[in-house]
2 protein chains.
Amino acid sequence: MEYPKPLENKSLSLIAERFRVLGDPLRLQLLHLLGAEEMSVGALVEASGASQANVSKHLQILLRAELVQRRKEGLLAFYRVADPSIFQLCDLVCGRLSEQFRADLTAIGMLRHPDVPRE
Amino acid sequence: MEYPKPLENKSLSLIAERFRVLGDPLRLQLLHLLGAEEMSVGALVEASGASQANVSKHLQILLRAELVQRRKEGLLAFYRVADPSIFQLCDLVCGRLSEQFRADLTAIGMLRHPDVPRE
DNA sequence: TGCTTATATGCTTGATTAGTTATATAAGAA
DNA sequence: TTCTTATATAACTAATCAAGCATATAAGCA
């Protein structure tokens with residue numbers, strides 16, 4: 001019996017890696033914060049409650065994946081979301097999770113702030 | 001200064017976990033295969049080229065996440081996709097990756113088989 | 001009762017990774 | 001120059017995880 005030609009391993013790995021980058025709570029929180037506005041590392045540290053080193057490292061991961069962009073201004077480094085499609089991804093996941101858990105997770109519904117226009 | 005109220009840690013972890021389940025090439029391949037049709041474990045083993053134990057273990061992970069469903073028939077266990085929204089997720093990711101890598105990854109465009117209608 | 005086949009599950013190993021601490025880099029101020 | 005501040009990075013630890021091998025479970029057949 002013939003099975004459909006499998007996707008290239010390389011392609012599968014690329015897709016998987018993108019999902020893995022999104023598979024960490026702190027990175028999601030940083031993206032959530034950056035969904036509202038461009039922020040400096042220090043502001044992200046304060047807002048997230050995580051350590052400076054940890055925030056910086058996760059920002060590098062997001063940067064390498066090209067999910068965020070960086071802008072230097074004097075001593076400060078400002079980050080912003082480079083790929084708004086992540087919010088569509090999160091909305092899809094949130095929607096499914098809400099169904100799965102019968103809705104008592106309303107906070108889940110909006111990873112991005114509702115008052116910020118999408119795309 | 002006031003920052004937007006962070007999402008509940010629990011919510012972020014739930015969302016992250018869902019992404020993490022999708023963050024493995026073999027699991028994506030299994031979902032890809034199951035996107036075409038319900039399949040037994042043995043068929044998945046043959047089609048994927050992975051070991052029986054490994055396929056079985058990854059299927060349990062997908063099952064726990066409720067991304068697939070299981071049906072027993074005699075000695076066989078048939079799996080099928082329980083949550084078609086994963087294909088929307090993959091399409092979104094594939095679309096972005098194609099842009100990012102300037103399109104020479106056309107195979108990436110369709111994680112689900114094009115001839116299967118999408119939900 | 002065995003015997004066989006399909007699937008699931010322990011156990012172990014090696015690789016990856018999130019987090020901490022300490023330090024390095026880089027840029028402005030004195 | 002030296003001092004300070006913001007950010008990045010290196011080294012380390014602990015936890016997680018994929019994969020291999022072996023074995024257990026479960027269902028049909030002799």
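Helix axes are lines fitted to C-alpha atoms over the stretch in contact, and the angles between them run from 0 to 180 degrees between N-to-C directions. With that in hand, the predicted model can be explored, starting with how its helices meet.

Two packed helices are described by the angle between their axes and the distance between the axes. Helix α5 of chain A (residues 85–100) and helix α5 of chain B (residues 85–100) have axes that come within 10 Å and cross at roughly 170°. Angles over 145 degrees count as roughly antiparallel, and α5(A) and α5(B) are therefore roughly antiparallel to each other. On the chain A side, the residues that meet the partner helix are Ser85(A), Gln88(A), Leu89(A), Leu92(A) and Arg96(A). Facing them in α5(B) are Ser85(B), Gln88(B), Leu89(B), Leu92(B) and Arg96(B). By class, the residues of this contact between α5(A) and α5(B) comprise four nonpolar, four polar and two charged.

A second pairing between the chains involves helix α2 of chain A (residues 25–36) and helix α1 of chain B (residues 9–21), which pack at an angle of about 110° with their axes 8 Å apart. This makes α2(A) roughly perpendicular to α1(B). Here Pro25(A), Leu28(A) and Gln29(A) of α2(A) meet Asn9(B), Leu12(B), Ser13(B), Ile15(B) and Ala16(B) of α1(B). The contact of α2(A) with α1(B) has five nonpolar and three polar residues, and no charged ones.

Attention can now turn to the interior. The largest nonpolar core has 54 residues. Those with the most contacts inside this core are Ile15, Leu30 and Leu34 of chain A together with Ile15, Leu30 and Leu34 of chain B. When its neighbours within four places in sequence are left aside, Leu34(A) is in contact with Met39(A), Val68(A), Tyr79(A), Arg80(A) and Val81(A).

The surroundings of the two DNA strands come next. Around DNA strand C there are 22 residues, of which Ala53(A), Ser40(B), Gly42(B), Ala53(B) and Leu75(B) come nearest. Two or more residues of this surface are given by each of α4 (52–64) of chain A and α3 (41–48), α4 (52–64) and β3 (76–81) of chain B. The largest share, six residues, comes from α4(B). In the surface near DNA strand C, ten residues are nonpolar, eight polar and four charged.

DNA strand D is likewise surrounded by 22 residues, and the closest are Ser40(A), Gly42(A), Ala53(A), Leu75(A) and Ala53(B). For this strand, the elements giving two or more residues are α3 (41–48), α4 and β3 (76–81) of chain A along with α4 of chain B. Helix α4(A) provides the largest share of the surface near DNA strand D, with six residues. That surface holds ten nonpolar, eight polar and four charged residues.

A backbone detail completes the picture. Most residues other than glycine have a negative phi. Glu66(A), however, has a positive phi near 60°, and lies in the loop between α4 and β2 (68–73) of chain A. Glu66(A) counts as partly exposed because 15 C-beta neighbours lie inside 10 Å. In chain B, Glu66(B) has a positive phi of about 60°, although this residue is not a glycine. Glu66(B) is placed in the loop between α4 and β2 (68–73) of chain B, and with 14 other C-beta atoms within 10 Å, Glu66(B) is partly exposed.

Conventions:
Residues are numbered from 1 along each chain as its sequence is written. Chains are lettered from A and ligands numbered from 1 in the order in which they are written. This is a predicted model: local features need pLDDT of at least 70, side-chain atom pairs count only at pLDDT 80 or more; totals for chains, interfaces and linings use all residues. A residue is near a molecule or strand if its C-beta atom, placed from the backbone, lies within 6 Å of it. Helices (H or I, at least four residues) and strands (E, at least two) are DSSP runs, numbered from the N terminus. Ala, Val, Leu, Ile, Met, Phe, Trp, Tyr, Cys and Pro count as nonpolar, Asp, Glu, Lys and Arg as charged, and the others, Gly among them, as polar. A nonpolar core is a set of buried Ala, Val, Leu, Ile, Met, Phe, Trp, Tyr and Cys residues joined through C-beta atoms within 7 Å. A residue is buried if 20 or more other C-beta atoms lie within 10 Å of its own, exposed if 12 or fewer, and partly exposed in between; C-beta atoms are placed from the backbone. Two residues are in contact if their C-beta atoms, placed from the backbone, lie within 7 Å. Angles under 35 degrees count as roughly parallel, over 145 as roughly antiparallel, 65 to 115 as roughly perpendicular and the rest as oblique.
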